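User: I should like to learn how the features of a protein model are read, one at a time. Please give the general idea first and then the case at hand.

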Amino acid sequence: MLNRHRLAVESDQDPVRLARGCWVVEPDASELDGTCAAVLRSCNADAVIVSTTAARLYDLWLPDVPDEIHVATVLPDRAGRDMRRPQRREFVAHRWTAPSHDVSLVRGVPVTTPARTWRDLASVLGLPALVAAGDSVLRMGVPFEELEEVVRRTARHRYVRRSRAALELLDARSASRPESHLRVAISAPGIPRFAVNEDVYRDRGGWLARPDLSHAEARIALEYQGLDHADPERMRRDLSRAADLRDEGWLVLAYGPAEVFGRPWQIETEVRLAVRARAPHLVRRPRVQSGTPSG
C-alpha cells in the first residue's frame with residue numbers, strides 16, 4: 001500500500017486522499033483508471049473493479065450514473081458470505097462468486113470483463129439503458145455468444161429476466177446510445193422489427209439513404225436528431241435526405257432527446273399507427289384465447 005509520505009517523496013505534487021490509507025497523486029486523481037488503481041492498492045488482493053465503475057472504464061454507453069467507485073472481492077469457489085468485503089466506506093463494496101475468466105485488465109486495472117460487467121449492470125439500469133450498454137459491448141467486438149453465456153451462467157442471480165429481455169434486443173449495428181433507446185421504444189408487441197443502420201435503395205436502382213431505423217416493406221424511416229443535427233450543414237443534409245426518401249414514398253419520422261428519453265411511449269404509438277396505415281398486414285394482433293367469455 002502506498003502511503004502519503006511515500007507519495008510525497010516520489011512526486012513533486014501533493015497527494016489526494018481517497019480514503020483511509022488510500023492516496024493518489026495528481027494527475028492520477030483526475031483519471032478514473034488511476035483512481036481505481038489506488039483504490040485496489042488499499043484493498044485485499046482479490047479486489048476487482050465492478051459494476052458502473054467497470055462500465056465507465058470500458059466507455060460503455062451509460063446514462064448519468066453516480067460518480068462512485070464499485071469494488072468487489074471476487075473469488076471462484078467461495079460463497080459471498082464467506083468472503084471478506086473490502087473495508088472502505090468511501091467506496092461501494094461487494095462480495096461476488098465468479099470464475100477467474102470473468103476478470104480482465106483495463107490499462108493494468110483488474111476489472112470484470114465487458115460481458116460480465118454488462119450482466120451486472122442489470123441491477124442498476126432499466127431495460128433501455130441496459131440494451132444501450134449491451135450494444136456498446138457488441139461494438140467493442142465482444143461476441144454475442146459471450147453475453148448469452150454469462151446470462152445463462154448467472155440464471156440464479158437477481159435481475160436475470162431483465163438481462164434476458166435485453167439480450168433479445170441487442171444489435172451491434174446501433175451507432176449511438178440514443179439510437180439504442182429509440183429502437184427499444186418500438187420493440188413492442190405488434191410492431192415489426194426495424195432494420196438498424198441499413199442502406200435503402202431507390203426503386204429504379206441506386207443508393208437512397210441509411211436511416212437509423214427502417215422498415216423497407218412499410219417504407220418507414222426513423223431518425224434520431226440530437227444536438228449535432230443543429231449544425232447548419234448537417235441540417236441541410238438531413239433535409240435533403242428526408243426529401244429524397246419522401247420522393248420514393250417513404251415516411252420519415254424524426255425524434256429528439258425529449259421524445260426518446262422522456263416520452264418513448266409516444267414514439268411507440270406513432271410508429272404502430274404508421275405501420276398499421278402503410279402495411280396493416282405487418283401488425284401482429286394479440287391472440288384471443290379460446291373459452292374467453294364475451295360481453
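**Reading helix packing, sheets and single residues**

Analyst: Let us begin with a pair of helices: the axes of α6 and α7 come within 10 Å and cross at roughly 160°. The model is a predicted one.

User: Why are these two values chosen to describe the pair?

Analyst: Two packed helices are described by the angle between their axes and by the distance between those axes. Angles over 145 degrees count as roughly antiparallel, so α6 and α7 are roughly antiparallel to each other. The crossing in which α6 passes α7 is left-handed.

User: Which residues of α6 and α7 make the contact?

Analyst: On the α6 side they are Phe144, Leu147, Glu148 and Val151, and on the α7 side Val160, Ser163, Arg164 and Leu167. Sorted by class, this contact of α6 with α7 comprises five nonpolar, one polar and two charged residues.

User: What lies in the loop between α6 and α7?

Analyst: Tyr159 is in that loop, with α6 spanning 144-153 and α7 spanning 160-167. Its phi is near 65°, which is a positive value in a residue other than glycine. Tyr159 has a relative accessible area of 30%. The partly exposed class runs between 20% and 50%, and therefore Tyr159 counts as partly exposed.

User: Where is Asn197, and what is its phi?

Analyst: Asn197 sits in the loop between β8 (195-196) and β9 (200-201). Although Asn197 is not a glycine, its phi is positive, at about 45°.

User: How does a second helix pair, α5 and α8, read on the same terms?

Analyst: The axes of α5 (residues 127-139) and α8 come within 8 Å, and they cross at roughly 130°. An angle that is neither under 35 degrees, nor over 145, nor from 65 to 115 counts as oblique, so α5 is oblique to α8. This crossing of α5 and α8 is right-handed. In the contact, Pro128, Ala129, Val131, Ala132 and Asp135 of α5 meet Arg177, Ser180, His181, Arg183 and Val184 of α8. By class, these residues divide into five nonpolar, two polar and three charged.

User: Is Arg183, in helix α8, buried or exposed?

Analyst: The relative accessible area of Arg183 is 5%. Buried means under 20%, so Arg183 is buried. Leaving aside residues up to four places away in sequence, Arg183 touches Val131, Asp135, Leu169, Leu170, Asp171, Ser174, Val196 and Leu213.

User: What does helix α8 lie across?

Analyst: Helix α8, residues 177-185, lies across β8, β11 (213-215), β12 and β13, and it runs at about 140° to β12. Those strands form an open sheet of four, in the order β8-β11-β12-β13, with mixed pairing. β8 and β13 (251-255) are the edge strands, since each pairs on one side only.

User: How many bridges join β12 to β13, and in which sense do the strands run?

Analyst: Five bridges join β12 (residues 220-224) to β13, and the two strands run parallel. One such pairing links Ile220 with its bridge partner Leu251 in β13.

User: Which strands show the antiparallel sense?

Analyst: β6 (residues 103-106) and β7 (residues 109-112) pair in that sense over four bridges. Val106 stands opposite Val109 in β7. β6 and β7 form a hairpin with two residues between them, and Arg107 in the turn has a positive phi of about 50°.

User: How far apart are Pro143 and Ala115, in sequence and in space?

Analyst: They are 28 residues apart in sequence and 9.0 Å apart in space, C-alpha to C-alpha. Pro143 belongs to the loop between α5 and α6. With a relative accessibility of 41%, Pro143 counts as partly exposed.

User: What figures describe the protein as a whole?

Analyst: The protein has 11 helices and 13 strands. It has 295 residues, of which 46% count as buried. Among contacts between residues at least 6 apart in sequence, 55% join residues at least 24 apart.

Terms used
Residues numbered from 1 in each chain as written. Predicted model: local features only at pLDDT ≥ 70, side-chain atom pairs only at ≥ 80, totals over all residues. Heavy atoms only, no water. Buried < 20%, exposed > 50% of the residue type's maximum accessible area, 1.4 Å probe, protein only. Axes fitted to C-alpha atoms, helices over the stretch in contact; angles between N-to-C directions. Left-handed = near helix turned anticlockwise from the far one by under 90°. Contact = heavy atoms within 4.5 Å. Nonpolar A, V, L, I, M, F, W, Y, C, P; charged D, E, K, R; others polar. Pairing = 2+ DSSP bridges.
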